[in-house]
Amino acid sequence: MFESAPKGSGPELAGIYLDIAQDAESSSVNNAVSYAREVGADALLAVGGGSVLDTVKGVKYALHKGLSDIKTVIPKGILFEQFPDANHIPIPHIAMPTTAGTGSEVSPIAVIYNEDAKMKGNIINPYISSDIAVLDPELTVGLPAATAFTGFDALTHAIEALASPIATALTDAHALQAIRLIEQNLPAAVTNGENIHARMEMLFASLMGITAFSCALNAIPVHNFAHAYGALFRIPHGLWSWKCCQICISLR
């Protein structure tokens, strides 16, 4: 988290918040919001996986709206805002993903877990995504083989976008290329975590998959199941997507 500095001297680090739980728990968002206000942060730098990136998007939204509890805007599980209800959020925001899967660094969606209701909620707003996304494969080097789960999340984004009733030529282009890149590079990234080329291609695939998914957002049965069961049993939805793919393959 950063604060403004005198003109010409650049930003200053106001503080670092690390206590972020899996699935972007609402308590993590609320505590981070409180910390941001305490240190006087007026800009955000998110470095981490999907949970970190979504938490920071929740922080950004809460700071902009003056909220102390993010759960108040998703009492029924989803908040969908578009222009004119959604407007520019003047909080500088940079995102640096350390996994390739969610694509949260560029998506207009923040998935936030409500511990009270044991439900994953969604804030959908075109202005909560980062102003700048930095894709650095070095940040993903050395991750465990379990990162295959995040790769399957990206694959599911692309497939559900491709199958969407409101898909367009543009979303199809992103979805198909994401699928190709995942097929070509996910095995290599899992087998050899030091493979920079495969790691970079997976970051590209993740970004393109969520871009297609977000722009063709309509029928998403796998993600709906994944969010519901993931909230109840605290299963990463990339793992659920992987299991669904295994089931589909076994039924062929």
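Here are some notes to help you find your way around this predicted model.

1. Let's start with the whole chain. Its secondary structure comes to 7 helices and 8 strands. Of the 252 residues in the chain, 48% are buried. If you take the contacts between residues at least 6 apart in sequence, 75% of them join residues at least 24 apart.

2. A good place to look next is the open sheet of 3 strands, which follow the order S4-S7-S6 with mixed pairing. Strand S4 (78-80) and S6 are at its edges and have a single partner strand each, so one side of each lacks a neighbour in the sheet. From one strand to the next, the twist averages 15 degrees. As general background, the strands of a sheet pair through backbone hydrogen bonds, in either a parallel or an antiparallel way.

3. The sheet also has a helix packed on it: H2 (residues 50-65), which touches S4, S6 and S7. The direction of H2 makes about 95 degrees with that of S6.

4. Strand S6 (residues 109-114) deserves a closer look. Is this strand buried or exposed? Buried is the answer for 6 of its 6 residues, so the rest of the structure largely encloses S6. The cut-off behind that word is a relative accessible area under 20%. Both faces are covered, with Ile109, Val111 and Tyr113 buried on one side and Ala110, Ile112 and Asn114 buried on the other. An edge position in the sheet therefore goes together here with a strand that is largely enclosed.

5. Now follow S6 into its partner. S6 and strand S7 (residues 119-124) run antiparallel and are joined by 6 bridges. You can trace the pairing through two examples: isoleucine 109 has isoleucine 124 of S7 as its bridge partner, and asparagine 114 stands opposite methionine 119 in S7.

6. The hairpin of S6 and S7 has 4 residues between the strands. Among the residues in that loop is lysine 118, whose phi is positive, about 50 degrees, although this residue is not a glycine. Lysine 118 counts as partly exposed, at 48% relative accessibility.

7. Two other backbone details are worth checking on screen. For context, most residues other than glycine have a negative phi, and most peptide bonds are trans. Aspartate 23, in the loop between strand S2 (12-13) and helix H1 (26-39), has a positive phi near 70 degrees. Aspartate 23 is buried, at 10% relative accessible area. The second detail is a cis peptide bond between phenylalanine 83 and proline 84, with omega at about 10 degrees. You will find proline 84 in the loop between S4 and strand S5 (93-97).

8. Finally, turn to a pair of packed helices. How do H4 and H5 run relative to each other? The axes of H4 (residues 169-191) and H5 (residues 196-215) cross at roughly 150 degrees and come within 8 Å. Angles over 145 degrees count as roughly antiparallel, and the two helices are therefore described that way. The crossing of H4 past H5 is left-handed.

9. The contact of H4 with H5 has 14 nonpolar, 7 polar and 2 charged residues. On the H4 side, the residues taking part include Leu181, Ile182 and Leu186. On the H5 side, they include Met202, Phe204 and Met208, with Arg199 and Glu201 also among them.

Definitions and conventions
Residues numbered from 1 in each chain as written. Predicted model: local features only at pLDDT ≥ 70, side-chain atom pairs only at ≥ 80, totals over all residues. Heavy atoms only, no water. Buried < 20%, exposed > 50% of the residue type's maximum accessible area, 1.4 Å probe, protein only. Pairing = 2+ DSSP bridges. Axes fitted to C-alpha atoms, helices over the stretch in contact; angles between N-to-C directions. Parallel < 35°, antiparallel > 145°, perpendicular 65-115°, else oblique. Left-handed = near helix turned anticlockwise from the far one by under 90°. Contact = heavy atoms within 4.5 Å. Nonpolar A, V, L, I, M, F, W, Y, C, P; charged D, E, K, R; others polar.
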